[in-house]
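Reader: I would like to go through this model by its contacts, its rings and its odd backbone spots. Please show it.

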Amino acid sequence: MMADAHHPDSTRCGSCGASESELQSPLLQCTKCKLAKYCSRACQKKEWKSHKPMCEIWANMNDNPEGLRELMSMGQNKAPDPDDEARKEQLKATAKSMREMGRSDTPILCVSHTKYGPVFPGQPTPEGVPGNFGLKQAAVLEYLKGPSAVDSGKRGNMKGELAYMRFYEGITIDDESRAEWLKFLSDAEHKVDAEHTVGILGTLATIYRQRGSLKQCEEVLNVQDDVFVSYKKSIEGEAKMFYGESGVEKSIWCCDTLRMKSNNIRFNLYMQTGRYEECMALYREMMHYELKYDIPYEEQLFLFMVPTVLKKRPTRAVIDSLTDKELMRLIMKPVEMEGGINARLNVDGEKQKVALSNCAMCNKVEDAMRQFKSCPRCDSAVYCSRECQKRDWKKHKKVCNSR
């Protein structure tokens, strides 16, 4: 039985798999990483080629704080994506086409097919469809322009903040509207609508967290939690109506991955506000996700910390048996490092990326990114209205062409 090269089992030989009880003698420890163990020198030599890459990492972790810092950054900007490669390419092609149409002033109309009939812009909404469904259509158009801000390292589909904010407000305008949306999204025929809504709210929550609007972030996440319930109901309905449980595995994977991203946003929110005890259940759930979907070691956000900090093999049983004290050790590790959690999350850099603009004339702050229009000549000065742009022109034209 071969041990996993990424996560050596300290109770068995890393080569032949023999246990101490079977050998009736203690295992020999790797003198470099002090984690892998072997029953003999021969087994250690046999396994060295496989063990060597990870041995270097473990050794750096033990002897050099920078080694742990490198591990702590693993996967920080590589959150697992719910789409496989083929779907990613399809989304990229869709986003490219929409951007090209936008540049050519080609009108983009969003026609949605629902259980109650098609929804056309400017036409009466079919009975059973939320009356402000157009807000979702506008938000989806922005959401699909992509690419994901996490994947691109830029604003990406965060640029649609204004449309997302209006859709969120449309859902939560009153209890009746909220109930109507949740009922609509729980239907099997509206699964894609539920998926888009979860993604849009997650993007909006990310924007708010990065900007430091933490109360707004948590409010959006709470609404997203309700939508997740509807999303899961739509998948369950889809399984009963069309495919059976085996036919909705991809939908379950997508839902689980979006939930993982949502948990990660909430986890970062709690870390920023010092609510460390509330992080424990989230941390355990996210480790289970990474284990369930066999996320590569170098892309893991949480699971890799179990062998790194606790020197334990990350199995389902181990994750379930971790004590509160052990979970807190994992949670507090980045806080204890130089710069603390704000350095790890790059809080200052995130704020800059999602910063709001001020009107160059009246200094009014926009409600969402790209709400104000920039000067078409220099694309630098930003104005809240045509009137402010006209009033500022005499002063602005002196520097407009030089930018």
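Reader: Where does phenylalanine 184 lie?
Author: This is a predicted model: local features need pLDDT of at least 70, side-chain atom pairs count only at pLDDT 80 or more, and totals for chains, interfaces and linings use all residues. Numbering starts from 1 along each chain as its sequence is written, and side-chain values use heavy atoms, with hydrogens and water left out. Helices (H or I, at least four residues) and strands (E, at least two) are DSSP runs, numbered from the N terminus. Phenylalanine 184 belongs to the run of residues 175-185, helix 8.

Reader: Is phenylalanine 184 buried or exposed?
Author: Buried is under 20% relative accessible area, exposed is over 50%, and partly exposed is in between (1.4 Å probe, protein chains only). The relative accessibility of phenylalanine 184 is 3%, so this residue counts as buried.

Reader: Which residues does phenylalanine 184 touch, not counting those up to four places away in sequence?
Author: Contact means heavy atoms within 4.5 Å. Glycine 128 is 56 residues away in sequence, but its C-alpha is 7.5 Å from that of phenylalanine 184. The full contact list is Thr114, Tyr116, Gly128, Val129, Pro130, Phe133, His190 and Asp193.

Reader: What kind of aromatic pair do phenylalanine 133 and phenylalanine 184 form?
Author: Rings of Phe, Tyr and Trp (its six-membered ring) pair if their centres lie within 6.5 Å; planes under 30 degrees apart are stacked, over 60 edge-to-face, and the rest tilted. That rule gives nine aromatic pairs. In this one the centres are 5.6 Å apart and the planes meet at 75 degrees, making the pair edge-to-face.

Reader: How many residues apart in sequence are the parts that this pair ties together?
Author: Phenylalanine 133 counts as buried, at 0% relative accessibility. Phenylalanine 133 is in helix 5 (residues 133-143) and phenylalanine 184 in helix 8, so the separation of the joined parts is 51 residues.

Reader: Which residues form one aromatic cluster?
Author: The pair just described is inside it. The members are Phe133, Phe167, Trp181 and Phe184.

Reader: What are the centre distance and plane angle for tyrosine 283 and phenylalanine 302?
Author: Tyrosine 283 is in helix 12 (residues 279-292), while phenylalanine 302 is 19 residues away, in the loop between helix 12 and helix 13. Both count as buried, tyrosine 283 at 3% and phenylalanine 302 at 3%. Their pair is edge-to-face, at 5.1 Å and 80 degrees.

Reader: Which residues of the largest nonpolar core touch the most other members?
Author: Nonpolar side chains tend to be buried together in soluble globular proteins. A nonpolar core is a set of buried Ala, Val, Leu, Ile, Met, Phe, Trp, Tyr and Cys residues joined through side-chain atoms within 4.5 Å. The largest has 67 residues, and its most connected members are Tyr231, Phe267, Tyr283, Met287, Phe302, Leu330 and Ile331.

Reader: Which helix gives this core its largest share?
Author: The share is 10 residues. They come from residues 214-243, helix 10.

Reader: How many disulfides does a search of the whole structure find?
Author: A disulfide needs two cysteine sulfur atoms within 2.5 Å. Cysteine 13 has its closest cysteine sulfur in cysteine 16, at 3.6 Å, too far for a bond. For cysteine 254 the closest is in cysteine 255, at 7.5 Å, also too far. The search result is zero.

Reader: Where is the kink in helix 18 centred?
Author: Helix 18 (residues 386-400) has 15 residues, yet its end C-alpha atoms are 16 Å apart, short of the 21 Å of a straight helix. That expected span is 1.5 Å times one less than the number of residues. A bend is the angle between axes fitted to the seven residues ending at a residue and the seven starting there. The kink is about 65 degrees, centred on tryptophan 393.

Reader: What do the buried residues of helix 18 pack against?
Author: These residues are Cys388, Gln389, Asp392, His396 and Cys400. Their packing partner spans 382-383, strand 6.

Reader: What is the phi of lysine 311?
Author: Most residues other than glycine have a negative phi. Lysine 311 lies in the loop between helix 13 (305-310) and helix 14 (316-321), and counts as partly exposed at 33% relative accessibility. Its phi is positive, about 60 degrees.
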